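Visitor: I'd like a close look at the places where charged side chains pair up. Please start with one pair and work outwards from there.

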Amino acid sequence: MARQLTAWQQGMKAYFYVTIWMTISMGVILFNKYILAYSGFKYPIALTLWHMVFCTSVATIMVRVVGATKRLNMPKKEYVNRVIPIGALYAASLWLSNSAYLHLSVSFIQMTKALMPGLVYVCGVAFGMEKLTRTTSFNMFIIAIGVAIAAYGEINFIYVGVVEQLSALVFEALRLMLVQVLITRQGYAMNPIQSLYYVSPACAACLALPFIAVELPEILADVHLEIDYGMLLLNALTAFALNLAVFLLIGKTSALTMNIAGVIKDWMLIFASQHMFGNTVTFLNYLGYVIAFLAVGMYNYNKLKAAKRKEAAAKAEAAAKGGSISAAENGSK
C-alpha cells in the first residue's frame with residue numbers, strides 16, 4: 001500500500017513540478033527569441049517545422065519501437081476529419097507566434113497573452129461550450145482594456161508583429177476548442193506522447209507548403225547563413241521536453257495550478273527579457289498588464305467558484321438519490 005503524503009510533502013511535490021514546467025517553458029521562449037532575433041537564423045517557419053519533425057521522430061520511436069504507449073484505434077477518416085484541422089491550427093499558431101519574435105519584445109508578447117482567456121471564452125461561446133454571461137463578458141472587456149493600454153505604451157510597437165501575435169492567439173484558442181470538440185468529447189483521450197505522435201505529423205505537413213513556397217528559396221539564397229546544428233538540436237530537445245512537462249504538471253497538479261503558474265511565469269519573463277535583451281518596459285506597459293493581470297485573476301477565481309458549486313451540486317444530487325434508494329428498500333421490507 002502506498003504511503004500517504006503529508007500536506008507539506010504534497011505542497012513541495014507540486015512546487016517541484018511547477019518549477020520544472022516554468023523553467024523549461026521560459027527556456028523555450030527565450031531560446032526561440034535568441035535564435036530568431038539574434039543568431040542570424042531568421043526563419044520562423046523553418047524553426048517550427050524542425051520542431052515538429054523532431055517531435056514526430058521521437059514520438060514515433062517511443063510508440064512503435066520502445067512501446068512506451070499504445071496507439072489509438074483511430075481510422076484514417078477520423079484522423080483526417082479530427083486531427084488534421086487541429087494540426088493546421090497548431091501550425092498556424094506556432095508559425096505566427098515565432099514570427100512575432102522577429103518584431104516584438106518578449107516582454108510585450110507575454111503581456112498580449114493575457115488575452116487568451118477572453119479568446120478561449122469567445123470560441124467556447126461560439127462552439128456552444130461556454131455560456132454567455134454579463135459578468136464574464138465584462139471581465140474579458142477589462143482584460144482587453146488592460147492589454148490595449150499596454151500596447152499603447154509599447155515603444156517598439158510594430159504592426160506586423162502585433163498582427164502576427166494576435167492571430168497566433170486566435171488560432172491557439174480555436175485549437176484548444178477543437179481539441180475539446182473533436183478529440184476529448186469523442187473519447188480520444190491522449191497522453192502527451194500520443195498527442196505528439198498524431199498531431200505533430202499533421203502540423204509538419206501543414207508547415208511544409210509555406211516553408212517550400214516562402215522560406216526555402218530565401219534560405220538557399222542566403223549566402224551568409226551559417227546554421228548551428230547543435231543549437232537547433234538543443235532547441236528541439238527543449239521544445240519536446242516542454243510538451244512532456246505540460247503533461248507532468250497537469251497530471252500531478254491541476255489545470256488551475258498551471259494557469260496560476262503561467263501568470264507568475266509571464267511576470268518572470270517580462271523582467272528576464274529586460275535584462276537579457278535590453279527590452280524597454282514603460283509605465284503604461286506595466287499599468288496595462290497589471291489591469292489585465294488582475295482581471296485574469298478574477299476570471300480564474302470565478303471559474304474556481306463555479307467548479308466548486310457544480311461539484312457540490314453533483315454530490316448533493318448523488319446523496320439525494322442514495323437516500324431515496326435506501327428509503328425505497330426500507331419500504332419494501
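Guide: Let's start inside, since Arg175 and Glu172 are both buried (buried means under 20% relative accessible area, exposed means over 50%, and partly exposed is in between, using a 1.4 Å probe and protein chains only). Their side chains meet in a salt bridge, with N and O 2.8 Å apart. The term covers a side-chain nitrogen of Lys or Arg within 4 Å of a carboxyl oxygen of Asp or Glu. Before we go on, keep in mind that this is a predicted model, where local features need pLDDT of at least 70 and side-chain atom pairs count only at pLDDT 80 or more, while totals for chains, interfaces and linings use all residues. Residues are numbered from 1 along each chain as its sequence is written, and side-chain values use heavy atoms, with hydrogens and water left out.

Where does the Arg175 and Glu172 pair sit? Both residues are in helix H7, which covers residues 159–183, and they are three residues apart, about one turn of the helix. Helices here are DSSP runs of H or I with at least four residues, strands are E runs of at least two, and both are numbered from the N terminus. The spacing is handy because an α-helix has 3.6 residues a turn, so residues three or four places apart point the same way.

H7 is also home to Glu164. With a relative accessible area of 16%, Glu164 is buried. Look at what is beside Glu164 in space: the C-alpha of Ser99 is 6.9 Å from that of Glu164, although 65 residues separate the two in sequence.

How many salt bridges are there by this rule? The count is three, so let's see the other two, because each has its own setting. One of them joins Glu78 and Arg82, whose side chains come together at 2.9 Å, N to O. Again the partners share a helix: both are in H3, residues 76–100, four residues apart, or about one turn. Are Glu78 and Arg82 buried or partly exposed? Glu78 is partly exposed, at 22% relative accessible area, whereas Arg82 is buried, at 15%.

The other one spans two loops. Lys42 pairs with Asp222, and the closest N and O atoms are 3.8 Å apart. Lys42 is in the loop between helix H1 (7–37) and H2, while Asp222 is in the loop between helix H8 (192–221) and helix H9 (229–252), so this pair ties together parts that are 180 residues apart in sequence. Lys42 itself is partly exposed, with 46% relative accessibility.

Now for the helices around these pairs. Two packed helices are described by the angle between their axes and the distance between the axes. The axes are lines fitted to C-alpha atoms, for helices over the stretch in contact, and angles run from 0 to 180 degrees between N-to-C directions. H3, the helix that holds Glu78 and Arg82, has an axis that comes within 7 Å of the axis of H8, and the two cross at roughly 60°. That makes H3 oblique to H8 (under 35 degrees is roughly parallel, over 145 roughly antiparallel, 65 to 115 roughly perpendicular, and the rest oblique). H3 also packs against H2: those axes come within 8 Å and cross at roughly 135°. H2 is therefore oblique to H3.

Further along, the axes of helix H5 (residues 116–126) and helix H6 (residues 134–152) come within 9 Å, crossing at roughly 140°. That again counts as oblique, H5 to H6. Plenty of H5 is listed as buried: Met116, Pro117, Gly118, Val120, Tyr121, Cys123 and Gly124. Take Pro117, which belongs to H5 and is buried at 17% relative accessibility. Its C-alpha is 8.2 Å from that of Tyr299, a residue 182 places away along the chain. Just after H5, Gly128 takes a positive phi of about 75°.

Step back, and the whole chain has 11 helices and zero strands. Of its 333 residues, 41% count as buried, and Arg175 and Glu172, where we began, are both buried too.
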